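Here are some exercises to work through with the model open. Try each task yourself, then check the steps below it.

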Amino acid sequence: MSDVQGHFGSAFVAEFDELLRWRRDVRHFRTDPVDDAVVADILRSAELSPSVGNSQPWRWVDVRSAAPRAVVKQTFARCNADALQGYRGERAQKYLSLKLAGLDQAPIHLAVFCEGGTAQGHGLGRQTMPETLAYSVVTAVGSLWLAARARGVGVGWISIMEPDDVCAALDVPDDWLLVAYLCLGYPVEETSTPELEREGWQARTDPRARYLVR
Ligand SMILES: Cc1cc2nc3c(=O)[nH]c(=O)nc-3n(C[C@H](O)[C@H](O)[C@H](O)COP(=O)(O)O)c2cc1C
């Protein structure tokens, strides 16, 4: 008998917590491919995510061609160099030493957009908080991250890029907002500690500092 209420047993709950503990932002990828069927499974799981008004505003673009990939690498390199200018001294040295994207090695690049003009959901919940449409896409990215990790596939989220450059390179409709640019592939190593913590940039902090009761 399970000691957990509901559909799932305690063993599953323990494993799910392990999955959360071992989900990592990955920047060091093996170059070997991920089977199309595995990627399809991961996307199918991500499609189960919640969305405002059941709008399902996420749009996935599997970036396979060399030309848009080259644009993405250029915009990353430029934005990363710009970001470095915002740091001084030891912080700048540390920033320079970080690997902040696995664009060259990752076999899969997935650009994730929010279709701002979608009629699906009939506007429910968006009249008061229109930003919930984009939040819905973020929930799908979170699901994808876990669904990938459960299958041994690593995900790296890259935000150091100019969204307009990515939208132009991928020729997406004007009302599509870039929410995430993701690299997917098998990680070089598995770890339960964030890379930024291991590299001495930023450790996790005490959760009690983020918890209020009113
Ligand atoms: C919205 C978002 C954007 C991110 N952008 C970047 C990025 O551009 N480059 C990078 O190396 N990591 C990026 N990350 C990964 C974070 O640095 C990482 O999640 C954090 O250090 C915690 O590590 P963990 O995901 O392994 O727990 C991003 C994460 C999120 C949620």
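**Exercise 1: two loop residues**

Aspartate 171 sits in the loop that runs between helix H6 (163–170) and strand S4 (176–185). Bear in mind that this is a predicted model.

Task: Work out whether aspartate 171 is buried or exposed, and look up its phi. Then find which loop holds histidine 122.

Solution:
- Start with the backbone: aspartate 171 has a phi near 55°, a positive value in a residue other than glycine.
- Now the accessibility. Exposed takes a relative accessible area over 50%, and aspartate 171 has 68%, so it counts as exposed.
- Move to histidine 122, which lies in the loop between strand S2 (108–115) and H5.
- Histidine 122 is not a glycine either, yet its phi is positive, at about 50°.
- With a relative accessible area of 75%, histidine 122 is exposed.

**Exercise 2: the fold as a whole**

Task: Say how many helices and strands the chain has, give their pattern along the sequence, and decide how the radius of gyration fits the globule rule.

Solution:
- Count the elements: there are 7 helices and 4 strands.
- Read along the sequence and you get α-α-β-α-α-β-α-β-α-β-α.
- Next, the radius of gyration is 19 Å, and the globule rule gives 17 Å for 214 residues; the two are close, so the chain is as compact as a globular protein of that length.
- For the extents, the C-alpha trace spans about 55 × 45 × 40 Å along its principal axes.
- Look at the contacts between residues at least 6 apart in sequence: 81% of them join residues at least 24 apart.
- As for burial, 41% of the 214 residues are buried.

**Exercise 3: surface and charge**

Task: Find what share of the exposed area carbon and sulfur atoms supply, and how far apart the centres of the positive and negative side chains lie.

Solution:
- The chain exposes about 12,600 Å², and 54% of that comes from carbon and sulfur atoms.
- On the charge side, go through the side chains and you find 23 positive and 28 negative ones.
- Take the centre of each set, and the two centres turn out to lie 5 Å apart.

**Exercise 4: aromatic rings**

Task: Decide how the rings of phenylalanine 8 and phenylalanine 12 are arranged, then do the same for tryptophan 145 and tryptophan 157.

Solution:
- A quick reminder: you describe a pair of aromatic rings by the distance of the centres and the angle of the planes.
- The structure holds 7 aromatic pairs in total.
- For phenylalanine 8 and phenylalanine 12, the ring centres are 4.7 Å apart and the planes meet at 25°, so this pair is stacked.
- Both rings belong to partly exposed residues: phenylalanine 8 has a relative accessible area of 45%, and phenylalanine 12 has 42%.
- For tryptophan 145 and tryptophan 157, the centres are 5.9 Å apart with the planes at 50°, so that pair is tilted.
- Place the two tryptophans: tryptophan 145 is in helix H5 (residues 132–150) and tryptophan 157 in strand S3 (residues 154–158), so the pair ties together parts that are 12 residues apart in sequence.
- Tryptophan 145 is buried at 13% relative accessible area, while tryptophan 157, at 26%, is partly exposed.
- Back to the phenylalanines: ring pairs join Phe8, Phe12 and Phe16 into a cluster.

**Exercise 5: around valine 153**

Task: Find where valine 153 lies, and list the residues it touches beyond four places away in sequence.

Solution:
- Valine 153 is in the loop between H5 and S3.
- Buried means under 20% relative accessible area; valine 153 has 1%, so it is buried.
- Leave out residues up to four places away, and valine 153 touches Val34, Val38, Ile42, Ala148, Leu184, Gly185, Tyr186 and Pro187.
- Pick Val38 from that list: valine 38 belongs to helix H2 (residues 36–46).
- Check the contact from the other side, with the neighbours within four places set aside: valine 38 is in contact with Arg151 and Val153.
- For a distance, take valine 153 and valine 141, which are 12 residues apart in sequence and 14 Å apart in space, C-alpha to C-alpha.

How values were computed:
Residues numbered from 1 in each chain as written. Predicted model: local features only at pLDDT ≥ 70, side-chain atom pairs only at ≥ 80, totals over all residues. Heavy atoms only, no water. Rg over C-alpha atoms; globule rule 2.2 N^0.38 Å. Buried < 20%, exposed > 50% of the residue type's maximum accessible area, 1.4 Å probe, protein only. Contact = heavy atoms within 4.5 Å. Areas by Shrake-Rupley, 256 points an atom, 1.4 Å probe, with all protein chains shown as cover. Lys, Arg positive; Asp, Glu negative; His and termini not counted. Charge placed at Lys NZ, Arg CZ, Asp CG, Glu CD. Phe/Tyr/Trp six-rings, centres within 6.5 Å; stacked < 30°, edge-to-face > 60°.
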